Amino acid sequence: QKVSVEVLDHLEHLALVDFRDSEGVERLQKAIQFADQLHEVNTDGVEPMDSVLEDRWCLYLREDEVTEGNCTKELLENARETVEEYFVAPPG
Amino acid sequence: VLNRRCVEAAVMTGLALNCHINKKSLFDRKHYFYADMPAGYQITQQRVPIAVNGSLSYSLCIDNKMNQMVTKTVRIKQIQLEQDSGKSLHDDTRSQTLVDLNRAGVGLMELVMEPDMCCGEEAAAAVRELQLILQTLGSSQAVMAEGQLRVDANVSVHHPGEPYGVRTEVKNINSIRFLAKAVDYEIQRQIQEIGNGGTILNETRAFDSKLGCTVPMRDKEGKQDYRFMPEPNLPPLILYDAKSLPANMNHQQVINIDWIHERLPDLPSVIREKLVEQYGILPEHSFTLLNEDGLAEFFESVVKQTQMKPKKVIGWILNDLLSYLKQHSLTVKESPVTSFLLADLLNLLEKKEISSTAAKRVLAELWKGEGKTPLEAVKEHKLELLQDQKELEQICQAVIDGQENEVIMMVLR
């Protein structure tokens with residue numbers, strides 16, 4: 001099954017990735033074929049797995065306490081442009 | 001890392017809204033690009049949310065009179081836990097968006113309702129009741145103006161008997177009043193559009209509070225593909241009840257639904273019923289008492305401090321005190337007339353030391369907040385009812401000897 005131009009455009013738009021040349025498309029094609037092998041396994045009556053640790057991995061619940069913060073200056077230094085403690089982004 | 005308090009709040013809210021709590025719920029990533037979401041995805045519960053299939057009952061006044069109230073219900077489809085994004089401020093003049101990331105990552109509860117409401121008034125009443133419930137539970141302060149409660153309205157129209165029409169999503173609604181306006185405007189807009197032979201687009205629109213209308217939002221084009229995937233960093237959330245409680249688990253890591261259920265406070269609807277039963281007031285009265293923050297407590301405090309019957313006290317609270325508060329845009333907490341002062345005044349009236357007309361005048365005096373007691377105000381303006389029999393006879397005689405008109409005026413007073 002070939003990957004259509006519409007699907008490519010859609011993926012490029014969603015992931016902001018450029019499939020510049022046909023080599024990229026080829027690689028994508030091969031990756032999809034490789035992943036499709038999953039369909040060969042019969043999963044009838046088997047519950048999807050959430051984690052390899054299964055029931056032994058409990059979701060850790062943290063207390064409602066503030067344990068970090070007050071790092072405004074450091075975080076804002078990451079940005080090229082800031083206005084009065086706001087990050088600046090393009091409109092829209 | 002998931003905050004325990006978020007889970008407790010979601011369970012409490014789910015229980016208060018008669019939901020089925022899912023003992024196992026899952027987390028997913030919802031991918032999209034936007035400046036206020038630096039990670040590029042939002043953690044939510046798309047496959048299995050924490051609570052489903054609940055209901056919210058609310059009251060509506062028919063005909064705008066407070067005499068008749070009907071109870072309506074809206075079904076709750078689900079409640080899910082998710083992350084908040086940052087806050088965007090659009091600066092169109094400088095062609096930029098300012099982003100505040102302080103609230104990014106903070107836990108949210110999203111409540112999805114079924115399309116059971118038919119107009120702005122119903123939506124407003126339902127959300128108001130939800131607000132009271134959330135405040136009573138302590139799940140949220142639910143102040144819309146501060147973004148603590150955000151409402152997006154999905155609106156569609158259809159002819160009776162036909163399937164539901166295409167819906168639009170209306171965002172940027174900042175108060176309950178605006179919610180009603182936005183919903184009613186959008187209903188009319190859609191009806192007109194269809195009447196003119198047009199079709200409704202499945203789009204997102206913003207409510208413009210200044211113009212009172214909805215406008216298309218420029219940045220949401222077409223249908224979004226969020227590419228949902230299970231969140232790898234958060235395993236399933238497991239909740240327990242009395243039966244399934246594990247014996248040897250760390251107490252702090254366990255959430256017991258039954259334990260939370262037992263500790264739910266009385267919901268507004270129950271509080272209203274109790275007020276009606278305990279004090280003999282009307283359902284409409286208890287509705288108004290709960291609708292003003294602190295008013296029910298004020299009323300009960302006055303009743304405790306006065307001999308006047310609650311059925312009479314309620315009139316003074318709802319007609320006199322409340323209208324003063326509204327006129328001066330004050331909250332109950334800011335009232336210059338405390339429950340102690342009002343009770344004092346009503347006691348004078350009950351003991352027949354002053355007339356009710358005089359009482360109203362005294363209340364006006366007390367309202368000035370000059371620190372006078374009711375008794376001081378009465379003495380100052382000589383509003384005491386005459387009790388002395390002889391003195392009354394003298395006055396009456398003098399008047400009768402005088403003119404007929406004056407007798408009539410005296411009797412009427």
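At what angle do the axes of helix α8 and helix α10 of chain B cross? I opened the notebook with this, keeping in mind that I am reading a predicted model.

**Entry: α8 against α10**

I looked up helix α8 (residues 310-327) and helix α10 (residues 356-367) of chain B and found that their axes come within 12 Å and cross at roughly 30°. Since angles under 35 degrees count as roughly parallel, I noted α8(B) as roughly parallel to α10(B). I recorded the crossing of these two helices, α8(B) and α10(B), as right-handed.

I then listed the residues that meet there: α8(B) brings W316(B), D320(B), L321(B), Y324(B) and L325(B), while α10(B) brings S356(B), A359(B), K360(B), L363(B), A364(B) and W367(B). Sorted by character, the residues in this contact of α8(B) with α10(B) come to 8 nonpolar, 1 polar and 2 charged.

**Entry: α6 against α8**

I turned next to the other helix pair that involves α8(B), and found the axes of α6(B) and α8(B) coming within 11 Å and crossing at roughly 50°. The two helices, α6(B) and α8(B), are therefore oblique to each other, and I wrote down their crossing as left-handed. On the α6(B) side the contact is made by H285(B), T288(B) and L289(B), and on the α8(B) side by I314(B), I317(B), L318(B) and L322(B). I divided the residues of this contact of α6(B) with α8(B) into 5 nonpolar and 2 polar, with no charged ones.

**Entry: salt bridges**

How many salt bridges does the structure hold over all chains? I noted 28, and I went through some of them individually.

In the pair E203(B) and R205(B), the closest N and O atoms of the salt bridge are 2.6 Å apart, and I found both E203(B) and R205(B) to be buried.

The side chains of E292(B) and K326(B) also meet in a salt bridge, at 2.9 Å from N to O. I placed E292(B) in the loop between α6 (283-291) and α7 (295-305) of chain B and K326(B) in helix α8 of chain B, so this pair ties together parts that are 34 residues apart in sequence.

For the salt bridge of E350(B) with K312(B), I read 3.5 Å between the closest N and O atoms. This pair links distant parts of the chain, with E350(B) in helix α9 (residues 339-350) of chain B and K312(B) in helix α8 of chain B, 38 residues apart. I checked how far the two partners are covered: E350(B) counts as partly exposed at 29% relative accessibility, and K312(B), with a relative accessible area of 48%, is partly exposed too. I also noted one network, in which salt bridges that share partners join E365(B), K368(B), E370(B), K372(B) and E380(B).

**Entry: positive phi values**

Most residues other than glycine have a negative phi, and I therefore looked up exceptions. A142(B) is not a glycine, yet has a positive phi of about 55°; I located A142(B) in the loop between α2 (120-137) and β11 (151-155) of chain B, where, at 0% relative accessibility, A142(B) counts as buried.

Is N172(B), at its own relative accessibility, buried or partly exposed? I had picked N172(B) out for a phi near 70°, a positive value in a residue other than glycine, and had placed N172(B) in strand β12 (residues 168-173) of chain B. At 45% relative accessibility, I entered N172(B) as partly exposed.

Conventions
Residues numbered from 1 in each chain as written. Chains lettered and ligands numbered in written order. Predicted model: local features only at pLDDT ≥ 70, side-chain atom pairs only at ≥ 80, totals over all residues. Heavy atoms only, no water. Axes fitted to C-alpha atoms, helices over the stretch in contact; angles between N-to-C directions. Helix = DSSP H or I, 4+ residues; strand = E, 2+ residues; numbered from the N terminus. Parallel < 35°, antiparallel > 145°, perpendicular 65-115°, else oblique. Left-handed = near helix turned anticlockwise from the far one by under 90°. Contact = heavy atoms within 4.5 Å. Nonpolar A, V, L, I, M, F, W, Y, C, P; charged D, E, K, R; others polar. Salt bridge = Lys/Arg side-chain N within 4 Å of Asp/Glu carboxyl O. Buried < 20%, exposed > 50% of the residue type's maximum accessible area, 1.4 Å probe, protein only.
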